[in-house]
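User: Hello! I am new to this structure and would like to understand the words used to describe it. Could you show it to me first?

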Amino acid sequence: MLPTPRFRTAVVGATALLAAGGGLAAAPAGAATRSPSDTPPISQAVRAGPAETQVNTFFEEYRLAVLGEIDDSPRAVRQKYLGPALNLALDTWAARSGADPVFRTRSIPTAWSVREVGAVPGYASVRLGESWGDGTTREVRYTVRIADRRITGLDDEPAR
């Protein structure tokens, strides 16, 4: 059954009254309002997921520890974010290679980026792109256990 013309007129009139009189959507006196063109579309917003955020936070904190810019040691930062098996594997790799086990080299990256690249039940894979001042880059894939955000793996083969 279609609404009668009288019903449609009443709805339009009520809507017009609310808009003209301010209704519930009115801004308080003196409040600044934003037009729709002032608000960027949601597609422009960059939202990192929990796994990306965890890898980025770990990498940034680890880098600051290596630089001596925070009180925690690099080892303490690793223990805070990485699983015990991964820490042991990194210690073994560092002893064998003589390089930093997270950066995979003897120098400290100057920039990095993170992006989630996959997931399986309970885990997410995050790509961390490292960059150095000389233009050298490296990609390392981190595995993050979603339940506790513990980093449990570095999926690349370390450079030697």
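User: What makes β2 count as mostly covered?

Analyst: Good place to start! A residue is called buried under 20% relative accessible area, exposed over 50%, and partly exposed in between, using a 1.4 Å probe and protein chains only. In β2, seven of the nine residues are buried, and that is what "mostly covered" rests on. Please keep in mind that this is a predicted model, in which local features need pLDDT of at least 70 and side-chain atom pairs count only at pLDDT 80 or more, while totals for chains, interfaces and linings use all residues. Residues are numbered from 1 along each chain as its sequence is written, and side-chain values use heavy atoms, with hydrogens and water left out.

User: How do you know that β1 and β2 pair?

Analyst: Helices (H or I, at least four residues) and strands (E, at least two) are DSSP runs, numbered from the N terminus. Two strands pair if DSSP finds at least two bridges between them. Strand β1 (residues 111-120) and strand β2 (residues 123-131) have nine bridges, in the antiparallel sense, so they meet the definition. Along this pair, A111 stands opposite S131, W112 faces E130, and A119 is set against A124. The two strands make a hairpin with two residues between them, and G122 in that turn has a positive phi of about 90°.

User: Which strands are called the edge strands of the sheet, and what makes them so?

Analyst: The open sheet has four strands in the order β1-β2-β3-β4, with antiparallel pairing. β1 and β4 (150-154) are the edges, as each pairs on one side only. Inside the sheet, β2 is also joined to β3 by nine bridges, again antiparallel, and E130 stands opposite R138 in β3. The hairpin of β2 and β3 has five residues between the strands, and G135 there takes a positive phi near 95°.

User: What makes you say that α2 packs on the sheet?

Analyst: Contact means heavy atoms within 4.5 Å. Helix α2 (residues 50-67) touches β1, β2, β3 (137-145) and β4, and its direction makes about 145° with that of β1. Such angles run from 0 to 180 degrees between N-to-C directions, with axes being lines fitted to C-alpha atoms, for helices over the stretch in contact.

User: Why is a group of residues here called a nonpolar core?

Analyst: The name is for a set of buried Ala, Val, Leu, Ile, Met, Phe, Trp, Tyr and Cys residues joined through side-chain atoms within 4.5 Å. The largest such core has 21 residues, and those with the most contacts inside it include V55, F58 and Y142. Its largest share, six residues, comes from α2. Leaving aside neighbours within four places in sequence, Y142 is in contact with residues including V55, F58, V102 and I151.

User: Why is R104 counted as buried, and where does R149 stand on that scale?

Analyst: R104 has 4% relative accessibility, so it counts as buried. R149 has a relative accessible area of 41%, which means it is partly exposed. R104 sits in the loop between α4 and β1, whereas R149 lies in the loop between β3 and β4.

User: What is noted about phi at R104 and at R149?

Analyst: Most residues other than glycine have a negative phi. For R104, phi is positive, near 70°; for R149, phi is also positive, near 60°.
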